[in-house]
Amino acid sequence: MSATTLDPTAKPDADGTNRWYLASAPILRALVHLCVPMAAAMIVGAVYNVINAGFVGSQHDTALLAAITFGTPLLGLVMAIGGVFGVGGGALISRLLGGAEHDPAKAGEIKHVSSFAVWGSVITGAVVAGAGLLLLHPLVTLLGADSAAVPATREYVAVMLAFVPVLAAAFCLEQLVRAEGAARQAMIGLILSTVANVVFDVFFILVFHWGVAGAALGTGLANAVMVAYFAFWLTRNSEHVSLAPRWFTLGKTVVQPVFGVGVGELLQSAFMIVTVLVLNNLASAYGDGPLAAMGVAVRIAQVPEFLIMGVTMGVLPLLAYAYGKGDRARLNAALRASAVTVGAVMLVFCGGVFLFREQVLGAFSADHAVLTIGVTILVAQLVATVANGFTGLITSMFQAAGLAKPAIVMGMAQGVLFIPIVLLGNLWYGLPGIIWALTVTECLVFVAGAGMWLASRGTINRGLAEGSPERAEAVLEEAAA
């Protein structure tokens with residue numbers, strides 16, 4: 001057995017185990033262990049998206065590329081389904097692991113949480129897939145496919161829908177693996193899926209010429225490979241997680257905390273889809289130049305964004321474990337180190353790109369119109385990324401502590417604020433109003449999140465006291481005095 005897996009015979013704080021990184025490893029080592037693999041996997045996924053577009057583009061049919069673009073929101077929906085169960089279930093599992101250091105009985109609840117999360121994502125995915133296939137034609141129309149792209153979009157969406165239960169389970173299982181501190185194994189699963197996807201694309205697209213149906217089939221089968229890997233790893237190495245249906249439960253102590261955190265993920269993904277659709281529709285009225293510049297700026301800003309998401313998402317199990325254990329000092333240390341890391345990434349990357357923004361944009365396009373407007377868009381995107389990074393860290397804190405209402409508000413806030421801001425910005429300022437709308441929105445969401453975090457400190461402190469018998473006794477003594 002690998003030294004980094006959760007050995008059932010090892011002590012929770014045995015050096016080198018995944019549990020050790022959550023429980024007692026130095027904070028910087030824990031962050032590197034949890035966050036670097038997460039960021040690496042996300043960057044690999046982004047590179048694959050470019051490769052996949054290249055495979056489809058090699059067929060020299062614009063309708064095929066358009067079909068993948070139109071089908072992108074569907075992938076967002078699938079991730080949202082997996083996120084409801086995976087993020088909510090993963091945060092609860094990490095809290096229970098931390099709480100088990102004081103109350104071993106809490107570890108016994110993990111098998112119910114993991115079974116509910118996995119099979120809940122599969123069942124929900126099957127329901128969504130069935131409804132989507134029954135309503136395939138109106139769904140394709142809703143996605144915005146024009147007459148030329150409808151046949152290819154229908155093929156792509158139909159095959160993707162058939163794999164929705166697999167895709168949702170894959171995303172859910174990834175979160176459960178990370179919940180135990182096994183970030184390296186999560187990265188291996190994601191990279192293995194990406195490599196499998198490339199191999200499938202070669203056969204289905206280049207050899208068999210199945211077009212977008214082949215691309216969708218490759219994605220579905222690659223996620224099946226990832227499901228198999230994660231299920232095998234958890235079954236063999238996890239002491240507490242169980243995927244057996246017999247542990248499935250609809251008990252309030254499982255369903256409520258999982259959905260409390262997970263619904264925020266669902267709302268955030270749903271509003272993100274709406275945000276992209278609204279932004280693209282408004283920007284298209286100003287011609288191809290702004291749209292092209294926006295596409296380039298978004299891709300440049302994705303690099304620091306993925307690095308930052310690696311930190312904010314990677315640190316979630318550490319925060320949840322410390323919260324469940326009642327370890328206030330470790331929780332605060334993890335928050336401080338994460339905030340400093342996010343700030344450092346911003347300073348180095350965003351600062352460098354800002355200083356050399358014209359040269360960076362010039363590497364993507366030689367069109368003077370794109371470069372002129374692109375500089376402004378890139379600056380707006382970088383400022384938005386700065387605010388979004390710290391917002392993500394606040395959201396992870398709410399999720400780690402199981403604070404459902406703040407987590408849901410954070411999930412809704414961007415979409416709720418962005419739509420009126422971008423509409424009014426377009427009405428009052430035209431294109432500049434559209435360009436800066438997301439920046440204004442992200443800054444407002446950060447301010448709202450910081451305010452809720454300050455307002456929630458009392459609740460967080462009480463939760464920490466419940467996780468630690470020593471702290472709970474101290475709180476009672478203070479109250480009596």
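Helices here are DSSP runs of H or I that span at least four residues, numbered from the N terminus. By that count Ala40 sits in helix α2, which covers residues 27–57. The model is a predicted one, and everything below is computed from it.

Taken as a whole, the protein chain is a helical affair, with 19 helices and 0 strands. Of its 481 residues, 51% come out as buried. The exposed surface of the chain adds up to about 20600 Å², and 70% of that is supplied by carbon and sulfur atoms. As for how the chain folds back on itself, take the contacts between residues at least 6 apart in sequence: 79% of them join residues at least 24 apart.

Ala40 gives one example of such a long reach. Leu307 is 267 residues away from Ala40 in sequence, yet the two C-alpha atoms are 7.9 Å apart in space. Ala40 itself is partly exposed, because its relative accessible area is 29%, and the partly exposed class runs between 20% and 50%.

Next comes the interior. The largest nonpolar core has 101 residues, and the members that touch the most others are Ile93, Val315, Leu318 and Leu331. Helix α15 (residues 368–400) provides the largest share of this core, with 12 residues. Val315 is worth a look on its own: once residues up to four places away in sequence are set aside, Val315 touches Leu31, Cys35, Ala334, Ser338 and Leu393. There is also a second core, separate from that one, with 29 residues, among them Phe55, Val56, Val78 and Ala152.

Pro304 offers another view of the interior. This proline is found in helix α11, residues 288–314. Pro304 counts as buried because its relative accessibility is 0%, against a cut-off of under 20%. Neighbours within four places in sequence aside, Pro304 is in contact with Val345, Phe349 and Cys350. Leu382 lies 78 residues from Pro304 in sequence, with 8.8 Å between the C-alpha atoms.

On to helix packing. Two packed helices are described by the angle between their axes together with the distance between those axes. For α12 (residues 316–325) and α13 (residues 328–355), the angle is about 160° and the axes are 8 Å apart. That is why α12 is described as roughly antiparallel to α13, the label used for angles over 145 degrees. The crossing of this pair is left-handed. On the α12 side, the contact is made by Leu318, Leu319, Ala322 and Tyr323, and on the α13 side by Arg330, Leu331, Ala334 and Leu335. Two of the names in this contact, Leu318 and Leu331, have already come up among the core residues that touch the most other members.

Helices α16 (residues 404–429) and α17 (residues 431–455) pack at about 150°, again with axes 8 Å apart. The angle therefore makes α16 roughly antiparallel to α17. Here, though, the crossing is right-handed.

The pairing of α7 (residues 164–179) with α9 has its own geometry: the axes cross at roughly 35° and come within 9 Å. The crossing is left-handed. From α7, the residues involved are Val166, Leu167, Ala169, Ala170, Leu173, Glu174 and Val177, and they meet Thr219, Gly220, Asn223, Ala224, Met226, Val227, Phe230, Trp233 and Leu234 of α9.

Within that α9 list, Met226 can be followed a bit further. Met226 belongs to helix α9 and counts as buried because its relative accessibility is 5%. Apart from neighbours within four places in sequence, Met226 is in contact with Ala170, Gly189, Leu190 and Ser193. Phe171 is 55 residues from Met226 along the sequence, and their C-alpha atoms are 9.1 Å apart in space.

One backbone oddity remains. Most residues other than glycine have a negative phi. His209 is not a glycine, but its phi is positive, at about 55°. His209 lies in the loop that links α8 (183–207) to α9 (211–237). With a relative accessibility of 54%, His209 counts as exposed, because that class begins over 50%.

How values were computed
Residues numbered from 1 in each chain as written. Predicted model: local features only at pLDDT ≥ 70, side-chain atom pairs only at ≥ 80, totals over all residues. Heavy atoms only, no water. Core = buried A, V, L, I, M, F, W, Y, C linked by side-chain atoms within 4.5 Å. Buried < 20%, exposed > 50% of the residue type's maximum accessible area, 1.4 Å probe, protein only. Helix = DSSP H or I, 4+ residues; strand = E, 2+ residues; numbered from the N terminus. Contact = heavy atoms within 4.5 Å. Areas by Shrake-Rupley, 256 points an atom, 1.4 Å probe, with all protein chains shown as cover. Axes fitted to C-alpha atoms, helices over the stretch in contact; angles between N-to-C directions. Parallel < 35°, antiparallel > 145°, perpendicular 65-115°, else oblique. Left-handed = near helix turned anticlockwise from the far one by under 90°.
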